[in-house]
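The following exercises concern a predicted model. Please work through each task with the sequence and structure at hand before reading its solution.

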Amino acid sequence: MKAVAKVKREPGVEVIETEPDGIGDDEALLKMRSASICGSDLGFYNFTAAYQKWAKIPVIMGHEFSGEVAEVGKAVSGFSRGDRVVCEPIQYCGSCRYCRMGITNICQNFTVLGMHRNGAFAEYVSVHEKYLHGVPDNVTFLEAAIVEPLSVVVNGLDEIADVHAGQKAAVVGPGPLGMFSAEVLRSKGISDITVIGIGIDEYRLGVARDKLGIRTVNWEKENAEEIIKSSTDGYGCDIVVVTAGAPSALRQSIPLVAKGGQILVLGIFPDDVPLPVSDLVRRQVSMLSAYASRWIHFEQALRLLREKKVRADAIVTHRFTLDRAKEAFEMSKAKTGCKVQFYT
Ligand SMILES: [Zn+2]
Ligand SMILES: [Zn+2]
């Protein structure tokens, strides 16, 4: 089969020809149908310091995907050949303190599909049954392949942050996580949303504005603080979601939040970020974060797609076959697409 793998300890990927992994008794072999490129895949592609230490190489990349069950092990009881599924990428141990508390997304010993075990940028991928979820009939493979990043946003906005209808919101970073954040906020009855980006985000800001009908601000051309203040009677937003991983984006987000408001950080930053902590304290602003997701967030994300609350069609802008991997990664890197997918 064809697969997109990190083979060498250097930037880039290779399209390789290899055999699918065998399956254990409690595993299933899936035929990949759609698989999305994630920001973390880009970090791994660029081979930044964090991934040099963390990932196991060689490995087939990819953890956001949908597929069809091709074969099941003897002990698999919940799924059978032909079922349409998505799969959680966080492989948790089940026995550490956090797993026992039910917060498997921050398991002490977790590993990640497509980073420590062969992933989904391939024609076939083998996975444990316990990470699988059935896909509703009215959800396409294209849509289902965004369940994982959508589930991260669901973790943040459904569980961690305290979000209510009628609040005012801003999203800093118009990448896929930013778009999903705007859609989940909208599904919760928040209609006053501003998505903020910079010059390199021009294409993505266009998607937010033209396809999703959301107010956008280009930070390099416009004064985001003034625009937000004038649309909130001078108070600022109740919630600001920061999906961009740039230190300056986080710092510039702070004046956008109203007193008593919340900043939800979903981005991962290359360096430590100095913050005006006294300002946060005096204005009683909560700084929150969410990492990855677990079973319940996958189920909630699938429900949002089933109920057509998230316009995945607009956010997935480009699709490639596996042999065009380099083109797909370079497009993600240049931000000239929003969510970029592989398909078979
Ligand atoms: Zn991801
Ligand atoms: Zn654990």
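**Exercise 1. A helix and its surroundings**

In helix α13 (residues 325-334), the residues Ala325, Ala328, Phe329, Met331 and Ser332 are buried. Determine how these residues are placed around the axis, what they pack against, and which residue follows α13.

*Solution.*
Step 1. The buried residues span an arc of only 160° around the axis, and therefore lie on the same side of α13.
Step 2. Packing partners of the buried residues of α13 are the strands β1 (2-6), β2 (14-17), β17 (316-320) and β18 (339-343), together with the helices α1 (39-46) and α7 (202-211).
Step 3. After α13 comes Lys335, with a positive phi near 60°.

**Exercise 2. An open sheet**

State the strand order of the open sheet of six strands and identify the strands at its edges.

*Solution.*
Step 1. The order is β13-β12-β11-β14-β15-β16, and the pairing is parallel.
Step 2. At the edges stand β13 (215-218) and β16 (286-289); each has a single partner strand, so one side of each lacks a neighbour in the sheet.
Step 3. On average, neighbouring strands of this sheet are turned by 20° against each other, direction ignored.

**Exercise 3. One strand pair and a helix across the sheet**

For β11 and β12, find how many bridges join them and which residue is the bridge partner of Val171. Then describe where α7 lies.

*Solution.*
Step 1. Five bridges link β11 (residues 168-172) with β12 (residues 192-197), in the parallel sense.
Step 2. Val171 has Val195 of β12 as its bridge partner.
Step 3. Helix α7 lies across β12 and β13, and runs at about 160° to β13.

Methods: Residues are numbered from 1 along each chain as its sequence is written. Chains are lettered from A and ligands numbered from 1 in the order in which they are written. This is a predicted model: local features need pLDDT of at least 70, side-chain atom pairs count only at pLDDT 80 or more; totals for chains, interfaces and linings use all residues. Side-chain values use heavy atoms; hydrogens and water are left out. Buried means under 20% relative accessible area, exposed over 50%, partly exposed in between (1.4 Å probe, protein chains only). Helices (H or I, at least four residues) and strands (E, at least two) are DSSP runs, numbered from the N terminus. The arc is that of the directions from the helix axis to the C-beta atoms. Contact means heavy atoms within 4.5 Å. Two strands pair if DSSP finds at least two bridges between them. Axes are lines fitted to C-alpha atoms, for helices over the stretch in contact, and angles run from 0 to 180 degrees between N-to-C directions.
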